[in-house]
Amino acid sequence: MNPADTADTAATPADTVATPADTVATPAAAAEELERRLGPADPADARARDLADEREEFPRADVDALDGIGLARHYVPVEHGGLLRDFPATAAMIRAVAGRDLTMAIAHGKTFLGAVSVWVAGGVEQAARVAELVSAGVPVSWGLTERGHGSDLVAGEVTAYPDGDRVRLDGEKWLINNATRGGLVTVLARSDPAGGPRGFDLYLVDRRTAGDAYRPLPKVRTLGIRGADISGFTLDGVLLDPEADRVGAPGSGLETVMRSLQLTRTLCATLSLGAADHGLAEAAHFATGRRLYGRPLLDLPAASRTLGECYADHLLHEAFATLATRAIHTLPGELGVLAPAVKYLVPVGTESLLARLRRLLGARAWLRDVRGTEVRAGVGVFQKIERDHRIVSLFDGNTVVNLNSLVSQFPLLSRSHRRPRLPEAGLGQAADLTAPLPPADTSRLRLMPTRGASLLHELPDSADRLAELATEQNELAPVAASTRLLADRARELLGDIGEQPIVPPDVPAHAFDLARRLTWALAGAAAVRLWLDSHAHVSRGGLGPEPLWADGCWLHAALDRVHTRLVAGHRPTAEEEHALERTYAVLTGELLRQTGDHRFPSLLHIRRAEAL
């Protein structure tokens with residue numbers, strides 16, 4: 001039997017696949033178009049999804065539905081015949097899918113991760129070949145990790161050595177998504193017995209030609225995303241063409257992977273945003289109907305404040321992820337610091353957010369039926385959301401890997417921020433949600449951000465801008481004061497970072513705490529710039545919900561959440577707390593309105609299928 005017959009590949013020609021309109025102009029429009037095509041959530045589909053999860057079955061019907069609307073073509077850049085014009089739009093679609101079911105989003109979205117190295121370093125003919133397969137719905141897998149080495153890619157033992165005029169691949173990859181279903185696999189292999197930074201290559205393994213030399217391993221049972229195809233494969237003498245099948249120049253495998261990870265780590269944040277969208281909607285629905293101690297749950301100040309703070313965390317994550325995703329187009333040279341920071345903060349922050357919501361729901365978070373018979377009878381919605389999401393922080397480098405990446409950049413970040421420089425135009429483009437994005441140029445991706453982080457470099461100027469606005473609009477005074485405090489604390493943090501004589505891998509424990517605090521400083525700075533450069537468009541063009549954007553409301557709450565992480569024991573003054581009470585009350589009310597109106601809990605206006 002042809003191995004391709006056993007792979008879960010689509011037979012539909014790329015030119016006949018129904019696709020969302022290729023004139024999508026904004027992320028909100030992209031998400032709404034996908035929602036419209038998938039249609040309102042069906043209780044029967046939810047029950048079937050629940051049963052499939054119990055049986056650990058692959059979500060074939062869900063993936064087929066995504067293939068049917070041509071989502072995979074949005075994983076392929078337009079220069080290679082796809083519909084990926086800007087990364088924020090594709091990210092919004094992945095978020096929308098994740099907001100329905102994370103297993104569904106991960107199972108389908110893995111193809112982008114598997115193919116991205118070709119978009120970064122592949123030749124024209126090679127990219128065209130992969131683009132045709134992806135557009136036709138062929139799953140692509142990314143074979144990086146191994147059983148004995150995990151995230152330590154330099155220790156990889158899969159080999160790619162010459163065999164006549166061919167290259168022979170041997171070894172095992174493990175904990176690989178789409179390892180069994182994948183029709184095409186991108187494999188990182190040792191090409192020099194000595195290994196080292198230039199001792200690895202990336203190769204494309206096509207299962208249609210690999211034959212029995214490619215053998216999938218048994219499925220690995222997982223706590224979350226139970227139905228996903230998580231397994232591995234062995235390569236036993238797979239013969240490849242060294243020119244046609246190698247991705248990039250000889251010895252560039254690790255560099256290509258690291259540059260590609262800057263894109264995938266950034267987009268992984270959208271999985272967390274989708275999970276939080278779903279979790280917040282479930283919690284808001286529960287809170288509006290639950291009565292405790294003879295009165296509505298939301299009448300209890302602690303419950304209302306919890307919802308408001310969780311929503312503030314979510315909006316902070318959204319702001320950071322949004323700016324970083326736009327920076328793929330406008331600040332690619334700084335993704336070396338933005339990508340690991342986003343990949344650490346958003347999944348970890350979402351884990352904390354979901355844990356707080358679980359405590360708000362109490363025992364009902366563990367029951368099989370949170371909503372009763374009203375909508376999804378028999379479906380343990382919240383426990384599945386939280387269980388599925390736990391794996392996101394492990395994708396494309398776990399939390400320690402991402403923090404270590406930031407630690408390795410401490411000397412560079414410290415030096416760059418001691419030198420004066422002109423404002424970075426790309427930061428303004430990334431922060432203005434109405435600004436058109438230039439085409440993404442992956443050749444500008446850099447392993448190290450030699451110019452540092454513009455977000456932190458320009459944070460003092462952002463504080464000055466807010467202070468000036470506050471002189472004209474008194475309601476902005478608390479936000480301006482909080483921004484100034486952030487700028488002061490970020491400056492102190494960079495000073496502490498500059499004093500660390502760190503030589504990896506001997507990284508002291510406190511360096512990881514500095515890296516963690518660095519991610520929160522970056523997130524706060526991103527929120528400040530996003531509000532400064534975009535808030536005027538809300539009143540002019542209806543960019544987002546007015547109550548959230550007016551008087552810096554969401555920014556005020558987001559900065560409060562940042563300060564609680566930046567400094568242990570941070571406590572606002574009585575006056576500040578009084579202002580925060582009003583702010584969180586507005587946020588809680590807006591969360592209930594958005595979810596009640598079938599909209600995403602978001603800084604933007606994004607409607608779900610039920611409202612379209």
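Which residues have the most contacts inside the largest nonpolar core? In this predicted model, they are Trp119 and Trp554. The core that holds them has 166 residues. Beyond its neighbours within four places in sequence, Trp554 touches Leu315, Ala319, Ala527, Leu530, Trp531, Leu548, Trp549, Leu587 and Leu603. Two further tryptophans, Trp531 and Trp549, are thus among the contacts of Trp554. A second core stands separate and has 18 residues. Among its members are Ala160, Val185, Phe233 and Leu240.

The domain assignment divides the protein into three parts. Domain 1 covers 27-138 and domain 2 covers 141-251. Domain 3 is assigned in two segments, 258-416 and 443-597. The unreviewed UniProt entry places "domain: Acyl-CoA oxidase/dehydrogenase middle" at residues 143-238. Over those residues, strand accounts for 46% of the chain and helix for 4%. The end C-alpha atoms of that stretch are 14 Å apart.

The interface of domain 2 and domain 3 was examined next. Taken over C-alpha atoms, the centres of the two domains are separated by 35 Å. Domain 2 brings six residues to the contact, and domain 3 brings 11 residues. The size of an interface is often given as the accessible area lost when the parts come together. Here domain 2 and domain 3 bury about 750 Å² between them. Carbon and sulfur atoms carry 72% of that area. On the domain 2 side, Trp142, Leu223 and Ile225 supply 56% of the area buried against domain 3. No other three residues of domain 2 supply more. Zero salt bridges are found across this interface.

Two residues that are not glycines have a positive phi. Leu175 has a phi of about 60 degrees and lies in strand β3, residues 166-177. For Asn178 the phi is about 70 degrees. Asn178 sits in the loop between β3 and β4 (184-190). The surroundings of the two residues were also compared. Leu175 has a relative accessible area of 43%, so it counts as partly exposed. Asn178 has a relative accessible area of 0%, so it counts as buried.

Side chains of opposite charge can pair when their charged atoms come close. The structure holds 40 salt bridges. One of them joins Glu56 and Arg221, with 2.8 Å from N to O. This pair links distant parts of the chain, 165 residues apart. Glu56 is in the loop between α3 (43-54) and α4 (60-68). Arg221 is in the loop between β6 (214-216) and β7 (230-240). The relative accessible area of Arg221 is 67%, so Arg221 is exposed.

A second pair is Glu243 and Arg246. Their closest N and O atoms are 3.7 Å apart. The value falls within the 4 Å cut-off, so the pair counts as a salt bridge. The two partners differ in burial. Glu243 is exposed at 59% relative accessibility, whereas Arg246 is buried, with a relative accessible area of 12%.

A third pair lies within a helix. Arg529 and Asp533 form a salt bridge, with the closest N and O atoms 2.9 Å apart. Both belong to helix α19 (residues 509-541). Because they are four residues apart in that helix, about one helical turn separates them. Arg529 is buried, at 7% relative accessible area. Asp533 is buried too, at 15%. Elsewhere, salt bridges that share partners form one network. The network joins Arg305, Glu309, Asp313, Arg356, Arg561, Arg565 and Glu577.

Pro501 occupies the loop between α18 (477-498) and α19. Its relative accessibility is 76%, so Pro501 counts as exposed. Pro501 and Leu543 are 42 residues apart in sequence. In space, their C-alpha atoms are 45 Å apart.

Notes:
Residues numbered from 1 in each chain as written. Predicted model: local features only at pLDDT ≥ 70, side-chain atom pairs only at ≥ 80, totals over all residues. Heavy atoms only, no water. UniProt positions renumbered as here; feature names shortened; annotations may be inferred. Helix = DSSP H or I, 4+ residues; strand = E, 2+ residues; numbered from the N terminus. Core = buried A, V, L, I, M, F, W, Y, C linked by side-chain atoms within 4.5 Å. Buried < 20%, exposed > 50% of the residue type's maximum accessible area, 1.4 Å probe, protein only. Contact = heavy atoms within 4.5 Å. Domains from an automatic or database assignment. Buried area = accessible area lost by both parts, 1.4 Å probe. Salt bridge = Lys/Arg side-chain N within 4 Å of Asp/Glu carboxyl O.
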